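Me: I would like a close look at a single part of this protein, with its surroundings explained in plain terms. Please take it step by step.

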Amino acid sequence: MDSNIQPFGTRFHKSLLGLMLGTALASGPVLADTLRVAGNFATDHSSSLAMEVFKQEVETVTDNDIKVQLFPAMQLGGASENVDQVRSGVLSMTWIGVSFLSRTVPELEAISLPFVLKDRATAFRVIDGKVGDLLNEKLAEKGFIALGFMELGARHITNSVRPIESIDDFDGLKIRLQPNETHLKSFRALGASPVSMGINEVYSALQQKVIDGQENPFSIIRKNNFGEVQQYLTDTNHFFDFIVVVANKKKFDRMSDDEQQVLRDAMTKAVAWQRDKAAEEDIQSRDELIAAGMKFNAVTPELHQAMQDKTAGIVDELRERLGASLVDAVLEGAKS
C-alpha cells in the first residue's frame, strides 16, 4: 500500500481519540475501516458484479486496510431505503438506478428526457461530460458524492394485453414505472396509466393483473423473469437509464486525499468493466426473452415519431421546473 495512505484503523481504532469521536458522532456518519455498500440489483447483475471488481481493487491496493462489505439484492432494504441509509451514514455507499435518487436530487431527472439519449454512446458522452459535473454538484448539496455512473440501459415495454404497434395501443395501459416524475409524465403523455412501484412488487402485480405491463432494460426483464407473466415485448427505447454509485459525503470528506483517490480509481475500473458487460448482455437478454416465448415487435419509424411528438412538451416542462441550464446542457451534449 502507498505509504502516504493513512489506514482507517490507525486513525479510528488504535487511539482513545478514535473511540471518543465514535461516541461523539454516534448520531451521525462515522468513518470506519469497513465500507458497507448496499444495492437492490440481483447478485448476478452486471452492476453487482462490477461492485465485486471495486471491492477487490480497493482491498488489494490498500492491503486490506480498507475492507468493502457488499449487500446486493435488497439485503439491506430497497433502493429508497438504501438512499436514506447512505444519506444518514448508516451505509457508506449504494449503487442504484438514478430514478430512486431523483426524489432527493430532482435534477437527476434531466437525464431522463424521453428519446434524447438515443444510444449508449450518446448517453455516456452526456453523463461523462459537463452534465455529470453539474449533477455531481447537486448531489453534493444533498450529502452525496457520486463515484461513477454505470449503464442500466435503454428501457423497453412489456405487457400482457396487446402488442404495441401504434400510438393508440398505449391508451389505458397500466404500466409500472420507477418513481421518477419525468418518466411518469412521459407515459401519461403517451396515453398510458403509469403506476410507480418498487421492483420487488412488480412480478406479483403482473401475475395478479394488478398492472398490465412494465418497462425496463432487456437484462432486467430477463433477470426478474417478467417473461413468465408477460406476453408482448416492444423495443420502445424511450429512456436510457443509469445506475449511479454514491457515497456519504461526510464520510468521504473525512478520508485522506490518497484514500479518496483509491476509491475513485477503483470505481473507474468497475464502471468501465460494467459498461462493457452491460452492452454484451443487452441483445443477449432480448434474444433469450424471445426464445422463451415472448412475442417481440420492433417499433416502426412512424410509431417512434408519434411517441416523440406526444412527449415533446416534457422538455419544456422540465426546463421550467429544474432550470434551463441543466436541461439545455443535456440537449446540447446529446447533439454533439
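Leaving aside its neighbours within four places in sequence, which residues is Gly97 in contact with?

Reply: A note before starting: the model is predicted.

Gly97 is placed in strand β3. Apart from neighbours within four places in sequence, Gly97 is in contact with Phe41, Leu152, Phe242 and Ile243. Its relative accessibility is 3%, and because buried means under 20%, Gly97 counts as buried. Along the chain, Gly97 and Ala79 are 18 residues apart, and their C-alpha atoms are separated by 8.0 Å.

Next comes the sheet around Gly97. Strand β3 covers residues 93–97 and is joined by five bridges to strand β10, residues 240–248. The two strands run antiparallel. Within this pairing, Trp95 has Val245 of β10 as its bridge partner. Both strands belong to an open sheet of five strands, in the order β2-β1-β3-β10-β4, and the pairing is mixed. At the edges stand β2 (67–71) and β4 (144–154); each has a single partner strand, so one side of each has no neighbour in the sheet. On average, neighbouring strands of this sheet are turned by 20 degrees against each other, direction ignored. Helix α6, made of residues 130–141, packs on the sheet and touches β4 and β10. The direction of α6 makes about 125 degrees with that of β4.

One of the contacts of Gly97 is Phe242, so it is worth following that residue further. Phe242 is buried, with a relative accessible area of 1%. A search of the whole structure finds four aromatic pairs. In one of them, the ring centres of Phe149 and Phe242 are 6.2 Å apart and the planes stand at 85 degrees, so the pair is edge-to-face. Phe149 lies in strand β4 and Phe242 in strand β10, so the pair ties together parts that are 93 residues apart in sequence. Phe149 is buried too, with a relative accessible area of 7%. Phe242 also pairs with Phe240, again edge-to-face, at 5.5 Å centre to centre and with 65 degrees between the planes. Phe240 and Phe242 are both buried. Together, Phe124, Phe149, Phe240 and Phe242 form one aromatic cluster.

Phe242 also has a place in the nonpolar interior. The largest nonpolar core has 40 residues, and of these Leu101 and Phe242 touch the most other members. At least two residues of this core come from each of α4 (79–88), α5 (120–127), α6, β4, β10, α13 (313–322) and α14 (324–335). Helix α14 gives the most, with five residues. As for Leu101, its contacts outside the four nearest places in sequence are Val83, Ile96, Leu108, Leu139, Phe144, Val244 and Val246. There is also a second, separate core of 28 residues, which includes Leu35, Phe41, Ile145 and Val245. Two names here have come up before: Phe41 is one of the contacts of Gly97, and Val245 is the bridge partner of Trp95.

Leu152, another contact of Gly97, leads to a polar side chain. Gln178 touches Leu152, and its other contacts beyond four places in sequence include Ser99, Phe100, Arg155 and Asp241. Gln178 is found in the loop between β6 (174–177) and α7 (181–190). Although it is in a loop, Gln178 is buried, with a relative accessible area of 4%. Its side chain makes a polar contact of 3.4 Å with the side chain of Ser99. A further polar contact, of 2.8 Å, joins the side chains of Gln178 and Asp241.

Last, the chain that comes before β10. Asn237 lies in the loop between β9 and β10. Most residues other than glycine have a negative phi. Asn237 is not a glycine, yet its phi is positive, at about 50 degrees. Its relative accessibility is 25%, so Asn237 counts as partly exposed. Asn225 also has a positive phi, of about 60 degrees, although it is not a glycine. Asn225 lies in the loop between α9 (218–223) and β9 (232–234), and at 39% relative accessibility it counts as partly exposed.

To return to the start: Gly97 is a buried residue in strand β3, and its contacts include Phe242, a member of the aromatic cluster.

Notes: Residues numbered from 1 in each chain as written. Predicted model: local features only at pLDDT ≥ 70, side-chain atom pairs only at ≥ 80, totals over all residues. Heavy atoms only, no water. Helix = DSSP H or I, 4+ residues; strand = E, 2+ residues; numbered from the N terminus. Buried < 20%, exposed > 50% of the residue type's maximum accessible area, 1.4 Å probe, protein only. Polar contact = N/O pair within 3.5 Å; in protein donor to acceptor, adjacent residues only side chain to side chain. Contact = heavy atoms within 4.5 Å. Pairing = 2+ DSSP bridges. Axes fitted to C-alpha atoms, helices over the stretch in contact; angles between N-to-C directions. Core = buried A, V, L, I, M, F, W, Y, C linked by side-chain atoms within 4.5 Å. Phe/Tyr/Trp six-rings, centres within 6.5 Å; stacked < 30°, edge-to-face > 60°.
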